[in-house]
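Here are my notes on this one, point by point. Have the viewer open while you read.

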Amino acid sequence: MFTDKIEAKDFPKMPKEYQDLLVRVIRIQADCEIGGPHLYVDRWTLRAATADEQWKVAKTAMEEIDHFRRMNRLLQEIGFDATDRLFVPKSERYVDAFRGDMPAWADWAVFGFLIDRVGQYQLDEFINCSYLPLARQLPPYDTQIIEEEKGHVQYGLLKAAELCRSEQGRQQMQEAVNKWFIIGLDMFGKSDSWRDERYIEWGLKRRTNAQARAEYLAEVTPIIAKLGLAVPDPGLGRKFT
Ligand SMILES: [Fe+2]
Ligand SMILES: [Fe+2]
């Protein structure tokens, strides 16, 4: 297990495997950060029902774009760049969740409390990771990204609870949960991913995909049930084996 802490200046001296995994994981993170706004900015910024909600959509997008900027700066510091990810069509996003669309307001709510929560799990992996410039984006160094993600999750939950108060809203919520719950579980990646073990070995992640997914499942199942919604069968996910 690799226990050193690496600065940007040390990057060129690192083995190719470390370099590849680090660039890959930051690039995927950057793509996920900008993938969210592409799903909801056009659809909801000026169509959400109240000025408060429109403001919140815009603010969420601003925060995600900032998260992208931070990830991209990390790449640029070591001679890489993810600016191209600003402009790819949704169909080319690295992670399925960002290839779909968000036709109902319930999708926005569920996306917040399920998918932003996966985002938070992904970022948690980098806490105290071996690459210091990345670790410094997270607690105990910097709490902003994580706090903003928690805000997205909480706001999604608030909107979800509001929708669940009417029969029509609850139906829309159930449909959205059926869709995003499975997408969320699949976002953790394959349980038998060979890269998992390499990421952990190099101190770039803390948990395997399967461990993180199991923790997430244990966390969201009671939340969905408490909203009065049916919890979809997690076995419908495609990446468990
Ligand atoms: Fe984010
Ligand atoms: Fe977020």
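1. Terms before anything else. On a 1 Å grid over the protein atoms alone, a cavity is a set of points where a 1.4 Å probe fits but cannot get out, while a pocket is an open set with protein on both sides within 12 Å along at least five of seven lines; a residue lines either one if it has an atom within 4 Å of a point. Grid points are joined across faces, edges and corners, and volume means the space filled by probe spheres set on the points.

2. Ground rules. This is a predicted model, in which local features need pLDDT of at least 70, side-chain atom pairs count only at pLDDT 80 or more, and totals for chains, interfaces and linings use all residues. Residues are numbered from 1 along each chain as its sequence is written, chains are lettered from A and ligands numbered from 1 in the order in which they are written, and side-chain values use heavy atoms, with hydrogens and water left out.

3. Overall build. The protein has eight helices and zero strands, taking helices (H or I, at least four residues) and strands (E, at least two) as DSSP runs numbered from the N terminus. The radius of gyration is 18 Å, close to the 18 Å that the globule rule gives for 241 residues, so the protein is as compact as a globular protein of that length; the radius is taken over C-alpha atoms, and the rule is 2.2 Å times the number of residues to the power 0.38. Those C-alpha atoms fill a box of roughly 60 × 35 × 35 Å along the principal axes.

4. The metal site. Which residues hold the iron ion (ligand 1)? E33 (OE), E64 (OE), H67 (ND1) and E149 (OE) coordinate the iron ion (ligand 1), at 1.8 to 2.2 Å. Donors here are N, O and S atoms within 2.8 Å of the metal (3.2 Å for Na, K and Ca), and water is not among the atoms, so sites may look incomplete. E64 also bridges to the iron ion (ligand 2), and the two ions lie 3.8 Å apart.

5. How the site is strung together. Along the chain, the donors of the iron ion (ligand 1) are spaced E-x30-E-x2-H-x81-E. E33 sits in helix α1 (residues 16-44) and E149 in helix α5 (residues 144-163), so this pair ties together parts that are 116 residues apart in sequence. Both E33 and E149 are buried, meaning under 20% relative accessible area (exposed is over 50%, partly exposed in between; 1.4 Å probe, protein chains only). Across the protein, 54% of the 241 residues count as buried.

6. Cavities. Two of 30 Å³ or more turn up in the whole structure. The largest has a volume of about 140 Å³, and of its 14 lining residues C32, E64, F98, D116 and G119 lie nearest the centre. The second largest is about 70 Å³, with a lining that includes Y40, W108, D116 and H152. Helix α3 gives the most to that second lining, with four residues.

7. The open side. The largest pocket has a volume of about 720 Å³. Of the 31 residues that line the largest pocket, I28, M187, F188, G189 and K205 are closest to its centre. Helix α1 contributes the most to the lining of the largest pocket, with five residues.
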